[in-house]
Amino acid sequence: MTWRELAAAAAGVGAGAGVGQAPPETTQQAVGYPALFLLVALGALVPVIPTGALVSTAAVVAFHHQTLPFGLLLVFAVGAVAAFTGDVALYWLGQRGVASRNGSRWLEALRGRATPERLAQAQRKLDDHGVLVLVVSRLVPAGRIPVMLACLLARLPLRRFARGDAPACLAWAATYCLIGILGGSLFSEPWKGVALAVALTLLISAAPTLWRHSRNL
(Lines give C-alpha, C1' and ligand atoms only; values in the text may rest on other atoms or scores of the structure.)
Protein backbone atom coordinates (compact mmCIF):
# COMPACT_ATOMS: atom_id res chain seq x y z
CA MET A 1 0.00 0.00 0.00
CA THR A 2 1.44 3.38 -1.04
CA TRP A 3 0.71 6.94 0.02
CA ARG A 4 -1.23 7.37 -3.21
CA GLU A 5 -3.38 4.39 -2.28
CA LEU A 6 -3.96 5.85 1.18
CA ALA A 7 -5.21 9.13 -0.29
CA ALA A 8 -7.42 7.34 -2.80
CA ALA A 9 -8.85 4.99 -0.21
CA ALA A 10 -9.73 7.90 2.07
CA ALA A 11 -11.49 9.58 -0.83
CA GLY A 12 -13.40 6.40 -1.62
CA VAL A 13 -11.67 5.78 -4.94
CA GLY A 14 -9.95 2.52 -5.77
CA ALA A 15 -6.31 3.42 -6.27
CA GLY A 16 -4.13 1.62 -8.71
CA ALA A 17 -6.82 0.91 -11.27
CA GLY A 18 -5.22 1.19 -14.64
CA VAL A 19 -1.87 2.09 -13.12
CA GLY A 20 0.84 -0.33 -14.02
CA GLN A 21 3.63 1.20 -11.99
CA ALA A 22 3.77 2.86 -8.58
CA PRO A 23 4.52 6.58 -8.61
CA PRO A 24 7.87 7.85 -7.39
CA GLU A 25 8.42 8.23 -3.66
CA THR A 26 8.31 12.02 -3.86
CA THR A 27 4.95 11.88 -5.63
CA GLN A 28 3.56 9.55 -2.97
CA GLN A 29 4.60 11.98 -0.25
CA ALA A 30 3.24 15.00 -2.13
CA VAL A 31 -0.17 13.30 -2.35
CA GLY A 32 -0.25 11.45 0.94
CA TYR A 33 0.83 13.99 3.55
CA PRO A 34 -1.47 16.84 2.43
CA ALA A 35 -4.33 14.33 2.16
CA LEU A 36 -3.63 13.10 5.68
CA PHE A 37 -3.57 16.66 7.02
CA LEU A 38 -6.81 17.67 5.32
CA LEU A 39 -8.70 14.53 6.34
CA VAL A 40 -7.61 14.66 9.98
CA ALA A 41 -8.37 18.40 10.25
CA LEU A 42 -11.75 17.87 8.60
CA GLY A 43 -12.44 14.90 10.88
CA ALA A 44 -11.83 17.10 13.91
CA LEU A 45 -14.47 19.52 12.59
CA VAL A 46 -17.00 17.02 11.26
CA PRO A 47 -16.95 13.61 12.98
CA VAL A 48 -17.59 11.47 9.91
CA ILE A 49 -13.99 10.48 9.31
CA PRO A 50 -12.22 8.05 11.70
CA THR A 51 -9.16 10.24 12.22
CA GLY A 52 -7.44 7.79 14.55
CA ALA A 53 -7.70 5.07 11.92
CA LEU A 54 -6.24 7.44 9.32
CA VAL A 55 -3.18 8.20 11.44
CA SER A 56 -2.68 4.51 12.28
CA THR A 57 -3.02 3.54 8.62
CA ALA A 58 -0.53 6.23 7.62
CA ALA A 59 1.88 4.94 10.27
CA VAL A 60 1.65 1.42 8.84
CA VAL A 61 2.38 2.75 5.36
CA ALA A 62 5.30 4.79 6.66
CA PHE A 63 6.63 1.80 8.58
CA HIS A 64 6.83 -0.25 5.39
CA HIS A 65 7.53 2.34 2.72
CA GLN A 66 9.42 5.26 4.24
CA THR A 67 12.95 5.63 5.59
CA LEU A 68 12.72 5.05 9.34
CA PRO A 69 12.29 6.97 11.54
CA PHE A 70 11.71 10.02 9.30
CA GLY A 71 8.48 8.75 7.77
CA LEU A 72 6.88 7.91 11.12
CA LEU A 73 7.96 11.21 12.63
CA LEU A 74 6.38 13.02 9.69
CA VAL A 75 3.12 11.10 10.12
CA PHE A 76 3.15 11.99 13.82
CA ALA A 77 3.80 15.67 13.14
CA VAL A 78 1.20 15.96 10.36
CA GLY A 79 -1.43 14.14 12.42
CA ALA A 80 -0.82 16.26 15.54
CA VAL A 81 -0.83 19.58 13.69
CA ALA A 82 -3.94 18.64 11.71
CA ALA A 83 -5.81 17.58 14.85
CA PHE A 84 -4.78 20.79 16.61
CA THR A 85 -5.88 22.89 13.63
CA GLY A 86 -9.28 21.20 13.51
CA ASP A 87 -9.79 21.50 17.27
CA VAL A 88 -8.90 25.19 17.37
CA ALA A 89 -11.13 25.92 14.38
CA LEU A 90 -14.06 24.08 15.98
CA TYR A 91 -13.51 25.85 19.31
CA TRP A 92 -13.41 29.23 17.57
CA LEU A 93 -16.68 28.44 15.80
CA GLY A 94 -18.19 27.32 19.10
CA GLN A 95 -17.06 30.56 20.77
CA ARG A 96 -18.96 32.55 18.20
CA GLY A 97 -22.08 30.60 19.14
CA VAL A 98 -21.57 31.18 22.87
CA ALA A 99 -21.09 34.91 22.32
CA SER A 100 -24.11 35.17 20.03
CA ARG A 101 -27.55 35.67 21.53
CA ASN A 102 -29.03 33.23 19.03
CA GLY A 103 -26.24 30.66 19.30
CA SER A 104 -24.94 28.89 16.21
CA ARG A 105 -25.34 25.58 14.43
CA TRP A 106 -21.79 24.61 15.48
CA LEU A 107 -22.58 25.12 19.15
CA GLU A 108 -25.85 23.24 18.81
CA ALA A 109 -24.03 20.41 17.06
CA LEU A 110 -21.59 20.20 19.99
CA ARG A 111 -24.47 20.19 22.47
CA GLY A 112 -26.18 17.42 20.52
CA ARG A 113 -23.09 15.20 20.76
CA ALA A 114 -22.65 15.56 24.53
CA THR A 115 -25.19 14.01 26.89
CA PRO A 116 -26.03 16.02 30.03
CA GLU A 117 -24.28 13.40 32.16
CA ARG A 118 -21.07 13.51 30.12
CA LEU A 119 -21.14 17.32 30.06
CA ALA A 120 -21.59 17.54 33.83
CA GLN A 121 -18.73 15.10 34.33
CA ALA A 122 -16.51 17.12 31.97
CA GLN A 123 -17.34 20.34 33.81
CA ARG A 124 -16.37 18.80 37.14
CA LYS A 125 -13.07 17.58 35.71
CA LEU A 126 -12.39 20.96 34.16
CA ASP A 127 -12.97 22.63 37.54
CA ASP A 128 -10.67 20.15 39.28
CA HIS A 129 -7.83 19.85 36.77
CA GLY A 130 -8.08 22.83 34.42
CA VAL A 131 -6.95 22.48 30.82
CA LEU A 132 -4.95 19.33 31.67
CA VAL A 133 -8.23 17.46 31.25
CA LEU A 134 -7.94 18.13 27.51
CA VAL A 135 -5.07 15.62 27.27
CA VAL A 136 -7.19 12.83 28.73
CA SER A 137 -10.25 13.84 26.72
CA ARG A 138 -8.34 13.43 23.45
CA LEU A 139 -7.31 9.88 24.40
CA VAL A 140 -10.66 8.70 25.76
CA PRO A 141 -13.16 7.72 23.04
CA ALA A 142 -16.00 10.24 22.78
CA GLY A 143 -14.31 12.38 25.44
CA ARG A 144 -13.19 15.29 23.30
CA ILE A 145 -16.54 16.98 22.59
CA PRO A 146 -17.95 17.06 26.16
CA VAL A 147 -14.71 18.62 27.46
CA MET A 148 -14.58 21.11 24.59
CA LEU A 149 -18.21 22.07 25.28
CA ALA A 150 -17.41 22.45 28.98
CA CYS A 151 -14.54 24.79 28.06
CA LEU A 152 -16.87 26.81 25.84
CA LEU A 153 -19.54 27.15 28.51
CA ALA A 154 -16.87 28.18 31.02
CA ARG A 155 -15.84 30.93 28.56
CA LEU A 156 -12.28 29.63 28.44
CA PRO A 157 -10.24 31.94 26.15
CA LEU A 158 -9.10 30.47 22.86
CA ARG A 159 -5.45 30.99 23.75
CA ARG A 160 -5.79 29.01 26.98
CA PHE A 161 -7.71 26.26 25.21
CA ALA A 162 -4.97 26.07 22.57
CA ARG A 163 -2.27 25.74 25.24
CA GLY A 164 -4.08 22.75 26.73
CA ASP A 165 -5.02 21.24 23.39
CA ALA A 166 -1.49 21.23 21.94
CA PRO A 167 -0.11 18.50 24.26
CA ALA A 168 -3.43 16.67 23.92
CA CYS A 169 -3.01 16.45 20.14
CA LEU A 170 0.61 15.36 20.50
CA ALA A 171 -0.40 12.55 22.85
CA TRP A 172 -3.27 11.54 20.56
CA ALA A 173 -1.07 11.40 17.45
CA ALA A 174 1.62 9.45 19.31
CA THR A 175 -0.94 6.89 20.53
CA TYR A 176 -2.36 6.16 17.09
CA CYS A 177 1.09 6.13 15.51
CA LEU A 178 2.07 3.45 18.01
CA ILE A 179 -1.00 1.43 17.02
CA GLY A 180 0.12 1.71 13.40
CA ILE A 181 3.67 0.69 14.30
CA LEU A 182 2.26 -2.35 16.10
CA GLY A 183 0.24 -3.35 13.06
CA GLY A 184 3.16 -2.76 10.72
CA SER A 185 5.62 -4.72 12.84
CA LEU A 186 3.41 -7.79 13.20
CA PHE A 187 2.91 -8.37 9.47
CA SER A 188 5.28 -8.23 6.54
CA GLU A 189 2.41 -7.36 4.19
CA PRO A 190 1.25 -3.74 4.69
CA TRP A 191 -2.44 -4.43 4.05
CA LYS A 192 -2.57 -6.84 6.99
CA GLY A 193 -1.04 -4.24 9.25
CA VAL A 194 -3.53 -1.67 8.00
CA ALA A 195 -6.42 -4.05 8.68
CA LEU A 196 -5.22 -4.67 12.24
CA ALA A 197 -4.62 -0.98 12.92
CA VAL A 198 -8.06 0.01 11.62
CA ALA A 199 -9.72 -2.79 13.60
CA LEU A 200 -7.99 -1.67 16.80
CA THR A 201 -8.91 1.98 16.35
CA LEU A 202 -12.53 1.16 15.57
CA LEU A 203 -12.68 -1.12 18.61
CA ILE A 204 -11.30 1.65 20.80
CA SER A 205 -13.87 4.09 19.39
CA ALA A 206 -16.73 1.66 19.98
CA ALA A 207 -15.63 0.70 23.51
CA PRO A 208 -17.76 3.30 25.38
CA THR A 209 -20.91 2.32 23.46
CA LEU A 210 -20.28 -1.37 24.05
CA TRP A 211 -19.69 -0.71 27.73
CA ARG A 212 -22.95 1.24 28.11
CA HIS A 213 -24.90 -1.50 26.32
CA SER A 214 -23.38 -4.20 28.53
CA ARG A 215 -24.37 -2.28 31.66
CA ASN A 216 -27.96 -1.96 30.44
CA LEU A 217 -28.36 -5.67 29.80
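These legends accompany close-up views of helix 9 and its aromatic neighbours in a predicted model.

**View 1. Helix 9 from end to end.** Helix 9 covers residues 158–186, which makes 29 residues. At 1.5 Å a residue it should span 42 Å, and its end C-alpha atoms are 41 Å apart, so expectation and model agree. Look along the helix for a kink of about 25 degrees at Asp-165. The proline Pro-167 follows shortly after this kink.

**View 2. A stacked pair joining helix 4 and helix 9.** The structure holds two aromatic pairs, and here we meet Tyr-91 with Phe-161. Their ring centres are 4.0 Å apart and their planes stand at 5 degrees; with planes under 30 degrees apart counting as stacked, this pair is therefore stacked. Tyr-91 belongs to helix 4 (residues 70–99) and Phe-161 to helix 9, so the pair links parts of the chain that are 70 residues apart. Both Tyr-91 and Phe-161 are buried.

**View 3. A tilted pair within helix 9.** Trp-172 and Tyr-176 also form an aromatic pair, with 5.5 Å from centre to centre. The angle between their planes is 55 degrees, and the pair is tilted. Because these two residues are four apart in helix 9, about one helical turn separates Trp-172 from Tyr-176. Tyr-176 is buried, with a relative accessible area of 9%.

**View 4. Arg-138 over the ring of Trp-172.** What lies over the face of Trp-172? It is Arg-138, at 4.8 Å from the ring centre. Trp-172 itself has 3% relative accessibility and so counts as buried.

Terms used
Residues numbered from 1 in each chain as written. Predicted model: local features only at pLDDT ≥ 70, side-chain atom pairs only at ≥ 80, totals over all residues. Heavy atoms only, no water. Expected span 1.5 Å × (residues − 1). Bend = angle between axes of the 7 residues up to and from the residue. Phe/Tyr/Trp six-rings, centres within 6.5 Å; stacked < 30°, edge-to-face > 60°. Buried < 20%, exposed > 50% of the residue type's maximum accessible area, 1.4 Å probe, protein only. Lys NZ or Arg CZ within 6 Å of the ring centre and 35° of its normal.
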